[in-house]
Amino acid sequence: MKNVRKIGWILVGIAGILLIAAFILVQQLKPDYSGEKIMNGLSSNVTVTYDPYGIPHIEAAAEADAFRALGYVHAQDRLWQMELLRRVAVGGLSEVFGKDLIATDKFFLSLGIDDASAKSVSELDPNNPAAMVSQAYLDGINQFIEEGPTPIEFYLTGLEKRPFEIRDIYNAVGYMAFSFAMAHKTDPLLTTIRDSLGVDYLNDLEIDNTSGTEWIKNYSGDEVNSAAAMVSMVSKVLAKMPVPQFIGSNSWVIGSEKTKNGSVIFANDPHIGFAQPSVWYEAHIKTPTYEKYGYHLAGVPFPMLGHDYKMAYGFTMFENDDVDFFYETINPDDSTQYKTPEGWKTLEVITKTIRVKDERDQVFSYKNTERGPILNGIANQVRGEKPISMDWIYTKGENMVMDALYGISHAENMDEFREALPKVHAPGLNTMYGDAEGNVAWWASAKLYQLGDSTHTKFIMDGSIGQDKKVRYLDFSENPQAVNPPWHYVYSANNQPDSIAGMLYPGYYLPENRARRVVSLLEGKDDWDAAAVQEMITDGVSSVNPTIITDLAKLITVKELSDQQALVLDHLSTWNGDYATTNAEAAIFHRWIYFFLQSTFEDELGEDLFNEFTSTHFHKRLIAPMAAKDASVWWDNVQTTDTVETKKEIVQTAFIHAFESLEEDLGNDISKWTWDKVHTLEHGHPIGQIAALRSLFNVGPFPVSGSREVINNMAFPYNGGAEFNVTAGPSTRRVIDFSDVENSMSILPTGQSGNPFSKHYEDQAKMFIKGEFRKMLLNPSEIKETASSVLIFKTSQ
């Protein structure tokens with residue numbers, strides 16, 4: 001008995017030692033938010049005051065000193081995120097995650113982001129103000145790498161830390177420019193439909209008809225072939241990305257004529273894939289010559305979103321078409337040549353090496369044309385006899401995006417702000433602006449161009465006959481824009497802008513759902529205040545979906561339904577489109593729409609292409625028109641030869657299928673088919689994919705209100721699954737009222753820190769789900785009074 005008791009005490013002692021060791025380890029790996037540190041290269045001391053949510057307020061006598069401190073504090077909270085983001089463009093993900101990411105690395109290497117970055121850096125003037133500030137920021141990151149604790153992810157993956165350089169900044173921005181990859185999914189898909197099914201099937205999709213959409217109005221003051229395989233390849237390589245993709249966004253800026261206090265109110269919520277840590281790192285910088293409360297991408301010094309006492313700005317995705325694809329004709333007598341209008345030209349062969357975790361290095365080569373890479377052979381999914389090349393404007397010409405971001409963040413007024421925008425060639429951004437002087441503005445910022453009249457950029461074109469010839473580049477003054485319009489607000493919800501330069505600019509725009517709701521709310525009120533805008537930015541009502549139900553429900557033969565099914569249809573028919581978590585209509589609506597789309601399109605497309613189809617913006621634009629359309633070549637099931645199916649049959653069958661699937665998943669009590677049962681959000685960390693580590697790294701899951709294509713855009717894919725798990729949505733919500741700018745509000749989806757041992761790793765997560773906000777502090781006295789800690793960087797002298 002004594003021996004048993006002795007062993008017990010030994011085990012207790014061992015457990016105690018292990019707990020103490022774990023506690024010490026956690027303390028050593030946590031970010032250091034207080035105390036004093038020597039920082040190399042400072043001209044004078046820098047004070048970093050952390051607010052209650054871990055946002056640093058950096059005060060320095062010189063701008064370079066402030067950005068050097070920013071680099072350090074950004075790295076101690078987000079170094080792992082910085083590391084992953086810089087690895088995308090250089091094909092470095094397989095070195096971290098193994099062979100499953102080889103195809104992804106090949107794809108991103110072939111895009112040429114890293115090569116374009118190298119060229120930009122080689123041409124960079126080191127005395128350029130943007131370059132000097134960037135280098136100071138990198139110096140701060142690299143000092144943390146040398147002196148600070150190593151994030152736990154590096155230990156778990158066996159990765160070595162290494163210094164950052166300016167090329168990494170360009171590569172991070174280059175990944176953002178690639179962003180949503182809609183062209184890579186849409187153009188080959190439409191080409192496949194045209195070539196495999198015929199123009200009737202294509203015409204019926206109304207790809208050029210946008211008459212029912214909500215336009216963004218301009219105002220200047222004047223009044224299985226290679227194409228099908230490529231769709232599959234892009235979806236598969238992006239599905240494994242360990243960093244989030246840029247999806248869309250909302251923003252509106254309300255002029256003083258429509259606000260209660262007579263000052264501009266600015267709102268912005270960029271929609272990005274959810275992940276842990278979340279995309280943005282907040283920081284407030286103040287020097288004698290510069291002040292900005294900004295939102296920073298990992299490894300990028302200049303804020304993409306920001307405000308101060310004078311102005312506020314933000315972005316949504318323009319969704320313009322800046323990628324074109326071409327069939328290339330290879331010389332039958334010389335496979336090293338391809339055909340151009342000027343004759344045969346020699347293909348460039350580019351060889352790259354990919355390091356793979358626990359495997360030998362992978363060496364691969366791809367062929368390059370004057371337009372861009374030939375995608376065949378880059379991934380195993382792209383086969384076929386017709387080579388396809390890609391022309392992407394981001395990798396062409398001079399890259400001045402960093403100068404643009406510097407100019408935007410340093411502008412003192414609207415004129416200076418606008419002067420920086422033409423330097424943004426890609427990605428296409430809707431730049432939203434408001435200021436204390438009462439100005440509101442929207443500019444579509446991108447290098448836009450015109451191709452020949454006979455060219456249709458939604459299809460793969462013929463590279464041998466000059467279809468890629470750009471007739472001209474538009475001057476920035478011709479871009480879609482509205483500055484102080486007479487309707488006293490500007491907005492963007494990734495929807496189609498009105499015509500410019502005599503044409504509708506091609507793109508991959510989202511449907512009118514969010515835009516219509518934004519416009520209806522803004523038009524219906526002239527006494528907006530910050531509280532009302534906060535309520536609007538979390539609005540979960542669709543004004544389009546009830547109309548879709550009306551169009552479909554009139555085709556239902558009620559007598560063929562059970563009593564429960566008829567009751568559900570009655571509830572749907574009176575639904576106002578609200579996506580509260582307690583709502584029971586939302587789940588049946590989305591099940592019904594999924595089966596409606598599946599029954600309409602899958603027989604012609606096949607299972608694989610149908611799944612790719614539902615990953616495009618294009619399919620979202622089709623839902624309302626197809627619900628309203630009576631005649632369509634798509635209604636008939638081509639798999640049946642003895643009958644011609646009708647829309648009525650499809651709608652009826654889809655509704656019953658949706659009802660039965662929910663009954664199987666959630667039970668017979670339809671009152672319990674509430675949205676919170678199937679619509680949840682979990683912020684996934686790459687390491688959290690390991691089951692044993694999920695609870696440490698992932699945040700959630702949480703039941704969540706909202707839905708795809710409402711203002712509170714909690715998006716999910718249509719994949720036939722039992723649940724509608726949220727994959728993307730608001731990466732922040734910002735409301736800035738220039739009548740009381742010091743009480744402007746914001747929120748992050750999880751927390752400020754990417755370190756799982758930080759108290760700020762997920763301290764905003766529940767607030768975000770509830771639609772709550774917290775202050776973006778600007779007042780110096782309030783910053784000091786509410787400070788949670790102070791970190792001082794001292795000169796080495």
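**Exercise 1. Find the residue of strand 6 that stands opposite Ile-58, then work outwards to the sheet around it.**

Step 1. Look across from Ile-58 and you land on Ile-285 in strand 6. Strands here, like helices, are DSSP runs numbered from the N terminus (E and at least two residues for strands, H or I and at least four residues for helices).

Step 2. Now check the direction: strand 3 (residues 56-59) and strand 6 (residues 281-286) run parallel, joined by three bridges. Two strands pair if DSSP finds at least two bridges between them.

Step 3. Zoom out to the open sheet of 11 strands, ordered 1-30-2-3-6-7-8-9-17-18-22 with mixed pairing. At its edges sit strand 1 (35-38) and strand 22 (481-483), each pairing on one side only. On average, neighbouring strands of this sheet are turned by 20 degrees against each other, direction ignored.

Step 4. Add the helix. Helix 2 packs on the sheet and touches strand 1, strand 2 (46-50), strand 3, strand 6, strand 7 (291-296) and strand 30 (789-794). Contact means heavy atoms within 4.5 Å. The direction of helix 2 makes about 160 degrees with that of strand 6; axes are lines fitted to C-alpha atoms, for helices over the stretch in contact, and angles run from 0 to 180 degrees between N-to-C directions.

Before you go on: this is a predicted model, in which local features need pLDDT of at least 70 and side-chain atom pairs count only at pLDDT 80 or more, while totals for chains, interfaces and linings use all residues. Residues are numbered from 1 along each chain as its sequence is written, and side-chain values use heavy atoms, with hydrogens and water left out.

**Exercise 2. Trace the salt bridges of helix 2, and say which residues share one network.**

Step 1. Recall the basics: side chains of opposite charge can pair when their charged atoms come close. Here a salt bridge is a side-chain nitrogen of Lys or Arg within 4 Å of a carboxyl oxygen of Asp or Glu. The whole structure has 30 of them.

Step 2. Take Arg-68 and Asp-65, whose closest N and O atoms are 3.7 Å apart. The two sit three residues apart in helix 2 (residues 63-89), about one turn of the helix. Both are buried, that is, under 20% relative accessible area (exposed is over 50%, partly exposed in between; 1.4 Å probe, protein chains only).

Step 3. Go on to Arg-87 and Glu-83, which meet at 2.7 Å, N to O. They are separated by about one helical turn because they lie four residues apart in helix 2. Arg-87 has a relative accessible area of 3% and Glu-83 one of 1%, so both count as buried.

Step 4. Next comes Arg-86 with Asp-168, at 3.0 Å between the closest N and O atoms. This pair links distant parts of the chain, from helix 2 to helix 8 (residues 166-178), 82 residues apart. Arg-86 and Asp-168 are both buried.

Step 5. Put it together: salt bridges that share partners join Glu-83, Arg-86, Arg-87, Glu-95, Asp-168 and Arg-355 into one network.

**Exercise 3. Is Trp-443 buried or exposed, and what does it touch?**

Step 1. Place Trp-443 in strand 18 (residues 440-445).

Step 2. Check its cover: the relative accessible area is 2%, so Trp-443 is buried.

Step 3. List contacts, skipping residues up to four places away in sequence: Trp-443 touches a set including Met-414, Phe-417, Leu-421, Tyr-433, Phe-476 and Pro-480.

**Exercise 4. Which backbone oxygen lies 3.2 Å from a polar atom of the Arg-514 side chain?**

Step 1. Find Arg-514 in helix 14 (residues 513-523). With a relative accessible area of 1%, Arg-514 is buried.

Step 2. The oxygen belongs to Ala-493.

Step 3. Beyond four places in sequence, Arg-514 also has contacts with, among them, Ser-249, His-271, Glu-709 and Asn-713.

**Exercise 5. Which strands stand at the edges of the sheet ordered 11-12-13?**

Step 1. This open sheet has three strands and antiparallel pairing.

Step 2. Strand 11 (330-331) and strand 13 (343-346) each have a single partner strand, so one side of each is left without a neighbour in the sheet.

Step 3. Two bridges join strand 11 to strand 12 (residues 334-340), and Asn-331 stands opposite Asp-334.

Conventions: Polar contact = N/O pair within 3.5 Å; in protein donor to acceptor, adjacent residues only side chain to side chain.
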